[in-house]
Amino acid sequence: MSTPKYKVIYFNFRWLAEPIRYLLSYVKEDFEDVRVSAEEWEKPDGKINKDEYLYQKLPVLEDFENGLKLGQSFTILRYLGRKYNLAGKTEVEGAKCDEYSDVVKDVLKEMELMWEKDEKTKAELKKNWLEKTIPRYFSVIESDLKKNGGKYLVGNGVTWIDFLLSHMAQLFTQYSEVDVLAHYHYPTMKEYQQQIFEIPEIKAWISKRPVTQY
Ligand SMILES: N[C@@H](CCC(=O)N[C@@H](CS)C(=O)NCC(=O)O)C(=O)O
């Protein structure tokens with residue numbers, strides 16, 4: 001094993017850090033996979049000092065080659081994507097990656113309404129999210145993906161958006177307990193997601209990563 005070039009600091013979840021872990025695995029870069037417990041995070045005298053981290057939020061990426069500490073999960077993906085030529089080959093392709101990542105952000109934001117405690121309100125929010133939010137965004141992605149040949153969302157090779165989208169579609173499914181791709185008939189996206197998870201480096205990471213709920 002070579003000396004890691006990066007440190008990825010997050011909690012013991014897949015959530016916002018997993019596409020970063022996928023990307024680094026894909027480009028075969030070792031990274032320190034630091035997973036902070038809720039206790040360490042909350043305890044002011046613990047070994048983790050929240051104030052050391054950007055905005056007191058995780059994930060944070062440390063790039064040992066240039067000393068960079070970078071926050072915001074999508075920015076980290078974009079940074080690594082550009083560094084490893086996985087961010088689109090043209091300005092248009094780069095812009096499409098950004099557009100689709102903002103779509104993911106919107107879907108995530110609307111899903112956060114689901115933290116609602118009241119069961120009745122929660123059920124209504126979930127119905128709205130599944131029947132309005134998901135189709136509004138995913139029908140466009142399904143159609144774009146199909147037009148692009150079904151293998152990659154942008155251009156003719158893997159980009160960072162493929163890791164983000166495949167992962168988030170899985171998370172949305174898990175969270176809502178409805179297979180959002182199969183149930184709402186996005187066969188191209190479903191097959192695409194499976195194929196991304198079958199990429200040997202991704203498959204190898206999935207088989208060795210810590211098992212977590214989300
Ligand atoms: N927009 C940020 C959101 C980061 C964020 O909210 N992280 C949460 C975990 S998913 C966090 O650090 N929570 C700890 C806290 O707020 O104290 C990103 O994409 O990185």
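Which residue just after α3 takes a positive phi? N85 does, at about 55°. Helices here are DSSP runs of H or I with at least four residues, strands are E runs of at least two, and both are numbered from the N terminus.

This is a predicted model, in which local features need pLDDT of at least 70, side-chain atom pairs count only at pLDDT 80 or more, and totals for chains, interfaces and linings use all residues. Residues are numbered from 1 along each chain as its sequence is written, and side-chain values use heavy atoms, with hydrogens and water left out.

**The sheet**

Four strands form an open sheet. Their order is β2-β1-β3-β4, and the pairing is mixed. Two strands count as paired if DSSP finds at least two bridges between them. The edge strands are β2 (31-36) and β4, each pairing on one side only. From one strand to the next, the twist averages 15°. Angles run from 0 to 180 degrees between N-to-C directions, and axes are lines fitted to C-alpha atoms, for helices over the stretch in contact.

Strands of a sheet pair through backbone hydrogen bonds, either parallel or antiparallel. β1 and β3 run antiparallel and are joined by four bridges. V8 has L61 in β3 as its bridge partner. β3 and β4 also run antiparallel, again with four bridges. Here E62 stands opposite K69 in β4. The hairpin of β3 and β4 has four residues between the strands, and G67 in this hairpin takes a positive phi near 75°.

**Helix α3**

α3 lies across β1, β3 and β4. It runs at about 130° to β4. The helix spans residues 73-83, and S73, F74, I76, L77, R78, L80 and G81 are buried. Buried means under 20% relative accessible area, exposed means over 50%, and partly exposed is in between (1.4 Å probe, protein chains only). An α-helix has 3.6 residues a turn, so residues three or four places apart point the same way.

What covers these buried residues? The cover includes strands β1 (6-11), β3 (60-63) and β4 (68-71). It also includes helices α1 (18-26), α4 (91-111) and α6 (160-176). Contact means heavy atoms within 4.5 Å.

**Loop residues**

Two residues other than glycine have positive phi in loops, as tabled here.

| Residue | Loop | Phi | Relative accessible area |
|---|---|---|---|
| K28 | between α1 and β2 | about 60° | 61%, exposed |
| N85 | between α3 and α4 | near 55° | 69%, exposed |

A cis peptide bond joins L58 and P59, with omega of about 10°. P59 lies in the loop between α2 (38-42) and β3.

**The helical part**

UniProt lists residues 90-214 as "domain: GST C-terminal", in an unreviewed entry. UniProt positions follow the numbering used here, feature names are shortened, and annotations may be inferred rather than shown by experiment. Over residues 90-214 the chain is 73% helix and 0% strand. The end C-alpha atoms of this stretch are 34 Å apart.

How do α5 and α8 pack? Helix α5 (residues 119-147) and helix α8 (residues 187-197) pack at an angle of about 70°, with their axes 8 Å apart. That makes α5 roughly perpendicular to α8. The cut-offs are under 35 degrees for roughly parallel, over 145 for roughly antiparallel, 65 to 115 for roughly perpendicular, and oblique for the rest.

From α5, F138, I141, E142, L145 and K146 meet P187, T188, M189 and Y192 of α8. By class, this contact has six nonpolar, one polar and two charged residues. Ala, Val, Leu, Ile, Met, Phe, Trp, Tyr, Cys and Pro count as nonpolar, Asp, Glu, Lys and Arg as charged, and the others, Gly among them, as polar.
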